[in-house]
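Trainee: Please take me slowly through one part of this model, and show me how that part is placed among its surroundings. I have not looked at this structure before.

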Amino acid sequence: MPDMSHLTIPDLAGKAVLITGASTGIGAALALAFAAQGAKIGVHYNSSLEKAEAVVRQIEEAGGRAILVKAEAGSTAEMAAAVAATAQAFGRLDGLINNAGGMVGRTLYQDMSDAYYDQVMDLNARSVVMTAQAAIPHLKINGGFIINTTSVAARNGASNGAGLYGSSKAFVSNVTRGMAKELIPFDIRVNAVAPGVIETPFHERYSTEAQLKAQLATIPAARLGVSEDCVGAYLFLASKQLSGYMIGQTLEVNGGQLMP
């Protein structure tokens with residue numbers, strides 16, 4: 001597991017950042033890492049209240065600032081309220097990390113219903129667009145960043161009933177490029193991170209041991225990733241000092257499983 005305890009990125013201190021899906025997995029790791037850099041964190045969650053509270057408590061015990069923000073990721077109104085609550089609590093909003101998402105369930109294309117389609121696309125695609133839309137007026141004030149979480153599945157099409165999830169993440173990857181062009185005139189940098197197979201509650205819920213073993217065999221690093229493996233990419237993209245000339249890019253964090 002990467003040790004970033006001594007890493008210092010000066011231009012993240014004091015920034016107010018909303019991280020969606022921050023109660024577990026990659027989102028929780030990001031909340032802790034950004035708080036360690038002195039950022040003030042909106043910890044978004046939907047159903048995992050106790051885990052979100054634990055993230056906030058850990059940040060506060062380390063001397064940082066964080067608030068809990070509850071919202072259904074697929075609801076435009078609720079996510080707009082989450083953005084507004086974060087900006088109000090900290091007096092500004094400097095960054096948005098669109099990390100909330102999920103597979104919903106493994107369903108083959110031949111078997112999926114309209115309801116399943118809507119649920120997957122609302123959670124993974126609509127949430128990115130509409131949360132960003134709500135954040136843009138705040139980010140325009142001082143400039144800032146948006147980082148979208150896509151997936152290795154956006155490039156390889158996914159399998160075993162995860163096809164629509166992969167397609168929704170491909171949508172996110174392309175939205176990142178279009179959004180980046182639209183917002184850079186306002187000094188808002190938009191990029192993305194594409195995690196590979198990361199050991200999080202996501203795979204505990206949706207992947208069998210056999211499926212994970214099959215994935216492992218395709219990874220040159222010879223191990224599955226952990227949430228902390230992804231943190232550095234997000235910190236890098238959030239820092240204008242480190243990545244100010246990177247616009248509309250996707251950083252692949254997958255142990256070599258895919259080398260585009």
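Mentor: Before the part itself, a word on names: a strand here is a DSSP run marked E of at least two residues, a helix is a run marked H or I of at least four, and both are numbered from the N terminus. The model is a predicted one, and the place to look closely is strand 5, which covers residues 144–149 and in which Asn148 has its place.

Asn148 is buried, because its relative accessible area is 0% and the term applies to anything under 20%. When its neighbours within four places in sequence are left aside, Asn148 is in contact with Asn98, Val128, Val172, Thr176, Val190, Asn191, Ala192 and Val193. Phe90, by contrast, lies 22 Å from Asn148, C-alpha to C-alpha, with their places 58 residues apart in sequence.

Strand 5 also has a share in the largest nonpolar core, since it supplies at least two of its residues, as do strand 1 (16–19), helix 1 (25–36), strand 2 (40–45), helix 2 (49–61) and helix 9 (227–238). This core has 35 residues, and the members that touch the most others are Phe34, Ile41, Val43, Ile97 and Tyr234. Helix 1 gives it eight residues, the largest share. Apart from this core lies another, of 19 residues, which includes Ala135, Ile146, Val172 and Val190; two of these names, Val172 and Val190, have already appeared among the contacts of Asn148.

Tyr234 is a good residue from which to follow the largest core outwards. Without counting its neighbours within four places in sequence, Tyr234 is in contact with Ile26, Leu30, Phe34, Ile97, Asn99, Ile147, Thr149, Val193 and Pro195. Tyr234 is among the buried residues of helix 9, together with Ser227, Cys230, Val231, Ala233, Leu235, Leu237 and Ala238. The elements that cover the buried residues of this helix include strand 5, along with helix 1, strand 4 (95–98), strand 6 (188–195), helix 10 (240–243) and strand 7 (250–253). The length of helix 9 can be checked as well: its 12 residues, at 1.5 Å a residue, should span 16 Å, and the 17 Å between its end C-alpha atoms agrees with that.

Just ahead of strand 5 in sequence comes helix 4, residues 114–142, whose 29 residues should span 42 Å at 1.5 Å a residue; the end C-alpha atoms are 41 Å apart, so the two values agree. Helix 4 nevertheless has a kink of about 45°, centred on Asp122. Immediately after the helix, Gly143 takes a positive phi of about 80°. Lys140 lies over the face of Phe186, 4.0 Å from the ring centre.

Helix 6, residues 163–183, holds Ser168, which is buried because its relative accessible area is 0%. Leaving out residues up to four places away in sequence, Ser168 touches Val120, Met121 and Asn124.

Some residues of the loops and of helix 3 make a useful contrast with these buried ones. Asn160, in the loop between helix 5 (153–156) and helix 6, has a positive phi of about 55° although it is not a glycine, and its relative accessibility of 48% makes it partly exposed. Ala222 likewise is a residue other than glycine with a positive phi, near 65°; it lies in the loop between helix 8 (209–216) and helix 9 and, at 58% relative accessibility, counts as exposed. Arg106, in the loop between strand 4 and helix 4, is partly exposed, with a relative accessible area of 30%.

Separation along the chain and separation in space should be kept apart when you read this model. Arg106 and Gly161 are 55 residues apart along the chain, while their C-alpha atoms are separated by 4.2 Å. Gln88 and Asn156 are 68 residues apart along the chain, and their C-alpha atoms are separated by 40 Å. Gln88 belongs to helix 3, residues 76–90, and counts as exposed because its relative accessibility is 70%, above the 50% that the term requires.

To return to the part you asked about, strand 5 holds Asn148, which is buried, and the strand contributes to the largest nonpolar core while helping to cover the buried residues of helix 9.

Key:
Residues numbered from 1 in each chain as written. Predicted model: local features only at pLDDT ≥ 70, side-chain atom pairs only at ≥ 80, totals over all residues. Heavy atoms only, no water. Core = buried A, V, L, I, M, F, W, Y, C linked by side-chain atoms within 4.5 Å. Buried < 20%, exposed > 50% of the residue type's maximum accessible area, 1.4 Å probe, protein only. Contact = heavy atoms within 4.5 Å. Expected span 1.5 Å × (residues − 1). Bend = angle between axes of the 7 residues up to and from the residue. Lys NZ or Arg CZ within 6 Å of the ring centre and 35° of its normal.
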